[in-house]
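Visitor: I am new to this structure and should be grateful for a close look at a single part of it. Please take the sheet and what packs around it, and explain the terms as you go.

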Amino acid sequence: MARATNKTRAQKNKQLWDRANTSYRSKWQSASQKGYDFYLDEQLTKNELEALQESGMPTFTINRVTPIIEIMKYFVTANNPRWKAVGVTGDDTDIAQVHSDIADYCWYLSNGKSIYSQVVLDSLTKGIGYFMVDIDADQDRGMGEVTFSRIDPYDVYVDPSSRDFLFRDASFITIRKNLTRTQLMNMFPEFKSRIKAAAGNSDVVTYSQRDIDSSISIQAEDITMGISPEGEDDDILPYYETYTKIKNAYRNVFIRVQPSPQEMDIIKEEVEEKMQEFQQEVEVSLKEKAVQMQQAVEAGEIIPERAKLELDRAQKMAAQAMEEQKLQLLSEAQDKATIIDQQIMTEANYKILSGSEGIIDAIPFFEDRIQLTCTVGDDVFLYERMLEVSKYPIVPIPYMYTGTPYPMSAVTPLIGKQQEINKSHQIMLHNANLASNLRWMYEEGSVPEEEWERYSSAPGALLKYRQGFEKPTPILPAPINNAFYTVVQEGKADAEYIAGVPSSMMGFTQEQPETYRGLLANDEFGTRRLKAWMSSIVEPSLEHLGKCFQMMAQNHYSVEKVFRIVQPEAGQRPDEEKESRVNIPIYNDYGEVISLYKDYANARFDVRLVAGATMPVNRWALLEEYFRWFQAGLIDDIAMIAETDIRNKKSVVERKSMYSQMQQQIASMEESLKDSEGTIETLERQLVQAGIKMKVGDAANEVRKDVLETEAQQKLLRGMLKSEFEKEKMAIKNEVKRSEGS
């Protein structure tokens, strides 16, 4: 029964591809293949080539398509796209910053720049290019990595009723590839037995009108056989991958996670400690109450019986309060330790858990999920699984979107002008060839034909003819109209005008502006057509690619992982490394994981493309502009050096930047200031000491002055006293003499 079911699934997959492979898609692929052939310089169909050869006209082409497409590709893919993640809440900000690093890591791991270039080339030449986001389960030693890849547009079959240029409204997208049996067994070693038994129609339909035998390019549809490792012919089998969008019922469930027994023991210990403190407070309150009652009894305010009754009542209320406090503390601690876990689960899983306790709320909702079905051949089923993403992991970049899954390429409008240029050159060269190699009209038998065929166009040749016949008459080509030269020149200019890529953008000096302002203006005005496509198609597609990568990465990277990204600075060696970590476990005291730091899988953030990140910049013109800003003083030398390609810019900045010089000057000035401050302090101390000495000297002088004045006064007084004494002495002597004389 299982085999019949699997066979039915495989047949249904094949039938879905048959319905998608309509006449409209064949018409689109035929026109798209023609544009791709013109890009590869396969510009003549088999019938045109045969007609030119039969008429003796040249079969060369003047390829103007390839350089135009190459320069358009360069302007679109000059740099890698960059995505910026914006966190929904403050808690998601750190995760959002890490997501940008993860995107860079996976982009580098997938060689994203090369893939991006191929996808844009598919868009320009085939009308549409496809990115694919997938998980390579074998990378990182079985842990798996999210990768970017490219799908050939001719292998993708989209729901014809889709009307969104990103095919978000498509009911299915099928990928059909023609692979050898060996390739399939290498891709799916677990299904070797099924692949060996597979059989199917692997006919390749050729949409190219070129002559495959004389073609200068080898394309995928030219290879119609495989080779096994044993050197034998290997079967080519059709391989189908069908992505279908299915609405699934989900529940946003909020579950209360109760504390573990170990956590409950810790909670009880903490409650007991708090209860002991509360009990001590209650006992003190009872003693205070008893003292108050005793004082009231002694004062005669209440009787002893009332005091006893009040004390009994207080004891009962205290016991009740202690019990309530214990329950409250236990409940608060338990609620604090209880975690509300939010989970998104299917309706079936919710029904299993719906009878259990702890579910607070369960909000029903519907969400798209992508179902992948893989089959080989007409009736061999490989596997079927549900991808945990809501968007198709296949992201298109169309060029000229027509409102259907069949867009037009950039080559399609150029085909007519390219054919006009080719035909004009062929006619002019053919006319010049006829003028230099004359044709002759002669009567049969009048000339030796072999001699004339060999030497008729040789310089200085002598040609003879037989007598009796008319002389051979040269047939001159009609003069070519000068309009052909005008047609060629106008055709080249028209091709550039249609594509929006002037010759000056390709570096042709005769049409190149001389000044840097002219270069900047050329880049600005000359790329507006491409910028219009970039802003309306490419950048929205890349932003959608970033969101698809976000869903795939958040679903896959659910365990702890370290991302190391080499980030070389322009002009320096790639020796700088940046490290990011996600899903870092947080453990409790018992060694159990209780939560995750930088929980990448459950973070909520929006992903946006940095507009214009992939466009090129005219380096020399921009450097000249920066130099003028530097000369005008609008920016400093650090900003100027940052935009150059100087090697070891960091060391140059450290040695030569104005800020470094200013820091050195400031350091020397600070040193001088310290010396000056020390000198000033010394001088101040000396000045204070000198002042003190001066004040002491003044005081000494005043004292000395007072002393001198006192000594003078005392000397004068002594002199006066001595004079008085001498006078008195003389008077006494005279008195004695008078008394003796009498």
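Guide: Two strands are said to pair if DSSP finds at least two bridges between them. Helices (H or I, at least four residues) and strands (E, at least two) are DSSP runs, numbered from the N terminus. The model is a predicted one, in which local features need pLDDT of at least 70 and side-chain atom pairs count only at pLDDT 80 or more, while totals for chains, interfaces and linings use all residues. Residues are numbered from 1 along each chain as its sequence is written, and side-chain values use heavy atoms, with hydrogens and water left out.

The sheet comes first. Strand β2 (residues 128-136) pairs with strand β12 (residues 394-398) in the antiparallel sense, over 5 bridges. Between β2 and β3 the pairing is also antiparallel, over 7 bridges. The result is an open sheet of 3 strands in the order β3-β2-β12. Its edge strands are β3 and β12, each of which pairs on one side only. From one strand to the next the twist averages 25 degrees; here axes are lines fitted to C-alpha atoms, for helices over the stretch in contact, and angles run from 0 to 180 degrees between N-to-C directions.

Individual residues show how the strands are aligned. Met 132 stands opposite Ile 394 in β12 and opposite Ser 149 in β3. Tyr 130 has Ile 151 of β3 opposite. As a general matter, strands of a sheet pair through backbone hydrogen bonds, either parallel or antiparallel.

Two helices accompany the sheet. Helix α6 (residues 112-126) lies across β2, β3 and β12, and runs at about 150 degrees to β2. Helix α16 packs on the sheet and touches β2, β3 and β12, where contact means heavy atoms within 4.5 Å. The direction of α16 makes about 170 degrees with that of β12.

Helix α16 (residues 528-556) also leads to the interior, for it gives the most to the largest nonpolar core, with 12 residues. A nonpolar core is a set of buried Ala, Val, Leu, Ile, Met, Phe, Trp, Tyr and Cys residues joined through side-chain atoms within 4.5 Å. Buried means under 20% relative accessible area, exposed over 50%, and partly exposed in between (1.4 Å probe, protein chains only). This core has 96 residues, and Met 72, Phe 131, Leu 382 and Trp 533 touch the most other members. Leaving aside neighbours within four places in sequence, Met 72 is in contact with Leu 124, Tyr 399, Ala 410, Ala 499, Val 501 and Leu 530. In soluble globular proteins, nonpolar side chains tend to be buried together.

Phe 131 opens the subject of aromatic rings. One aromatic cluster is formed by Trp 83, Trp 107, Tyr 116, Phe 131, Phe 148 and Phe 549. Rings of Phe, Tyr and Trp (its six-membered ring) pair if their centres lie within 6.5 Å; planes under 30 degrees apart count as stacked, over 60 as edge-to-face and the rest as tilted. By this rule the count comes to 21 aromatic pairs. Trp 83 and Phe 148 form a stacked pair, with 6.2 Å from centre to centre and 0 degrees between the planes. This pair links distant parts of the chain, 65 residues apart: Trp 83 belongs to strand β1 (residues 83-87), and Phe 148 to strand β3 (residues 145-151). Both Trp 83 and Phe 148 are buried.

Phe 549 of the cluster has a further neighbour in His 99. Not counting residues up to four places away in sequence, His 99 touches Ala 85, Phe 549, Gln 550, Tyr 600, Phe 605 and Val 607. His 99 is found in helix α5 (residues 93-109) and, at 1% relative accessibility, counts as buried.

A final detail concerns a charge and a ring. The charged end of Lys 126 sits over the ring of Tyr 154, 4.6 Å from its centre. For this description, NZ of Lys or CZ of Arg must be within 6 Å of the ring centre and within 35 degrees of the ring normal. Arg 176 offers another case, with its charged end over the ring of Trp 17, 4.5 Å from the centre.
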